[in-house]
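Biologist: Hi! Could you pull the model up so we can go through it together?
Modeller: Sure, here it comes.

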Amino acid sequence: MREIPQLYGFISYLCVEFRHKTNCIMEILDELTFRVIELAKQTGDFIMSEKGKIAAADVESKGVHNYVTYVDKTAEKMLVDGLSRILPPAGFIAEEGTSDKKGEVFNWIIDPLDGTTNFIHGLPPFCISIALQKEGKTVSGVIYEPNLEEVFYAWEDSPAFLNYQPVNVSAKSELDDALLATGFPYYDYSKLDNYMEVFKWCMLNTRGVRRLGSAAIDLAYVACGRMDGFFEYGLSPWDVAAGAFIVERAGGAVSDFSGGDNYVFGKEILAFNKNLHPEFLKTFNTIF
């Protein structure tokens, strides 16, 4: 990794050395990813400094069972400001709408606090999720969980990493050995009956299902082998963009419920190791 004096000196480096040429930016995705990790950790420090301070008056409702606090908003502003300095041409798809800038080539997809309900109640996990897309394809992903100080990340053509060590999805091949993660529908109940049928199938055929409260963390845990698979519907791009990419770079298989690749914007996702994905895909095709 080339020596770059400081986080916000990175943009000067890009401007002088590469003049924002797309191919050159792609050549230094590793360095860009490490700058994003630094920014995520700084933002995570702020989030942790506010943990336990949330009062009822600080919680706003964005919709049915969908909440936001000043911590989400401030963290997103910190991320948008920092990422704008790291790569000024890029636009944003950001949960709290801090920026509506659209990039011609590059766009960041960010969730400043995935697991807000957990955070409000003082429960881990919660995390920061940041993905960079080039022309609609994810090329870098970072997830930072500040409670355990764990950072999961990858960039195009790299392995997946957890705290600077390579990780892989599990090698489980038997359903009875598989531990799964999911989330519960909280506003879209149109597929609830199907979902309950999936839960019944999982209870009968797998080791169990966990609901941690953060889709990004669920995906990160699949990437490092703590979970063997993850499924959910009703999700937004900022919930899954970074995590799905990291799972793929860790050797996993990711699809929508039909086996297609519309899982970032299609509001449904299956992420498993490659041994288990076909069986779960078959089950979801049958039930959904």
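Biologist: How does the lining of the largest cavity divide by class?
Modeller: In this predicted model, that lining has 5 nonpolar residues, 1 polar and 2 charged.

Biologist: Which residues are they?
Modeller: The largest cavity is lined by Pro 185, Tyr 186, Tyr 187 and Asp 188, together with Glu 232, Tyr 233, Gly 234 and Leu 235.

Biologist: And what volume does the largest cavity have?
Modeller: About 40 Å³. Searching the whole structure for cavities of 30 Å³ or more gives 1.

Biologist: OK, pockets next. What is the volume of the second largest pocket?
Modeller: The second largest pocket comes to about 260 Å³. It is lined by 16 residues, and the closest to its centre are Lys 137, Thr 138, Phe 245, Glu 248 and Tyr 263.

Biologist: Which element gives the largest share of that lining?
Modeller: H8 does, with 5 residues. Helix H8 covers 237-249, and both H8 and strand E6 (137-145) supply at least two residues each.

Biologist: How many of the lining residues in the second largest pocket are charged?
Modeller: There are 6 charged residues, alongside 6 nonpolar and 4 polar.

Biologist: Let's zoom out. How many helices and strands does the chain have?
Modeller: The protein chain has 9 helices and 14 strands. It runs to 288 residues, of which 56% count as buried. Taking contacts between residues at least 6 apart in sequence, 63% of them join residues at least 24 apart.

Biologist: What is the strand order in the sheet of 7 strands?
Modeller: The order is E3-E4-E5-E6-E7-E8-E9, in an open sheet with mixed pairing. Strand E3 (91-94) and strand E9 (165-167) are the edge strands, each pairing on one side only. On average, neighbouring strands here are turned by 20° against each other, ignoring direction.

Biologist: In what sense do E3 and E4 pair, parallel or antiparallel?
Modeller: Parallel, over 4 bridges, with E4 spanning residues 106-114. Ala 94 sits opposite Ile 110 in E4. Helix H4 (residues 70-86) packs on this sheet, where it touches E3, E4 and strand E5 (127-134), and its direction makes about 150° with that of E4.

Biologist: While we're in E4, is Asp 111 buried or exposed?
Modeller: Asp 111, which belongs to strand E4, is buried, because its relative accessibility is 1% and the buried class takes anything under 20%.

Biologist: What does Asp 111 touch?
Modeller: Leaving out residues up to four places away in sequence, Asp 111 touches Glu 95, Cys 127, Ile 128, Ser 129, Trp 238 and Asp 239. Its C-alpha is also 6.5 Å from that of Ile 130, a residue 19 away in sequence.

Biologist: Now the sheet of 5 strands. What order does that one have?
Modeller: This open sheet goes E11-E10-E12-E14-E13, again with mixed pairing. Its edge strands, each pairing on one side only, are strand E11 (208-210) and strand E13 (253-255). The twist from one strand to the next averages 20°.

Biologist: How many bridges are there between E10 and E12?
Modeller: There are 3, and strand E10 (residues 179-182) and strand E12 (residues 229-233) pair in the parallel sense. Ala 181 has Phe 230 in E12 as its bridge partner. Helix H9 (residues 277-287) packs on that sheet, touching E10, E12, E13 and strand E14 (268-272), with its direction at about 150° to that of E14.

Biologist: Last topic, the backbone oddities. Which residues does a cis peptide bond join?
Modeller: Pro 124 and Pro 125, with omega about 0°. Pro 125 is in the loop between helix H5 (116-120) and E5. For context, most peptide bonds are trans, and most residues other than glycine have a negative phi.

Biologist: Where is Glu 135, then, and what is its phi?
Modeller: Glu 135 lies in the loop between E5 and E6, and its phi is positive, about 50°. Its relative accessibility is 61%, so Glu 135 counts as exposed.

Biologist: And what about the phi of Glu 149?
Modeller: That one is positive too, near 55°. Glu 149 sits in the loop between E6 and strand E7 (150-155), and it is exposed, with a relative accessible area of 56%.

Methods
Residues are numbered from 1 along each chain as its sequence is written. This is a predicted model: local features need pLDDT of at least 70, side-chain atom pairs count only at pLDDT 80 or more; totals for chains, interfaces and linings use all residues. Side-chain values use heavy atoms; hydrogens and water are left out. On a 1 Å grid over the protein atoms alone, a cavity is a set of points where a 1.4 Å probe fits but cannot get out, and a pocket is an open set with protein on both sides within 12 Å along at least five of seven lines; lining residues have an atom within 4 Å of a point. Grid points are joined across faces, edges and corners, and a volume is the space filled by probe spheres set on the points. Ala, Val, Leu, Ile, Met, Phe, Trp, Tyr, Cys and Pro count as nonpolar, Asp, Glu, Lys and Arg as charged, and the others, Gly among them, as polar. Two strands pair if DSSP finds at least two bridges between them. Axes are lines fitted to C-alpha atoms, for helices over the stretch in contact, and angles run from 0 to 180 degrees between N-to-C directions. Contact means heavy atoms within 4.5 Å. Buried means under 20% relative accessible area, exposed over 50%, partly exposed in between (1.4 Å probe, protein chains only).
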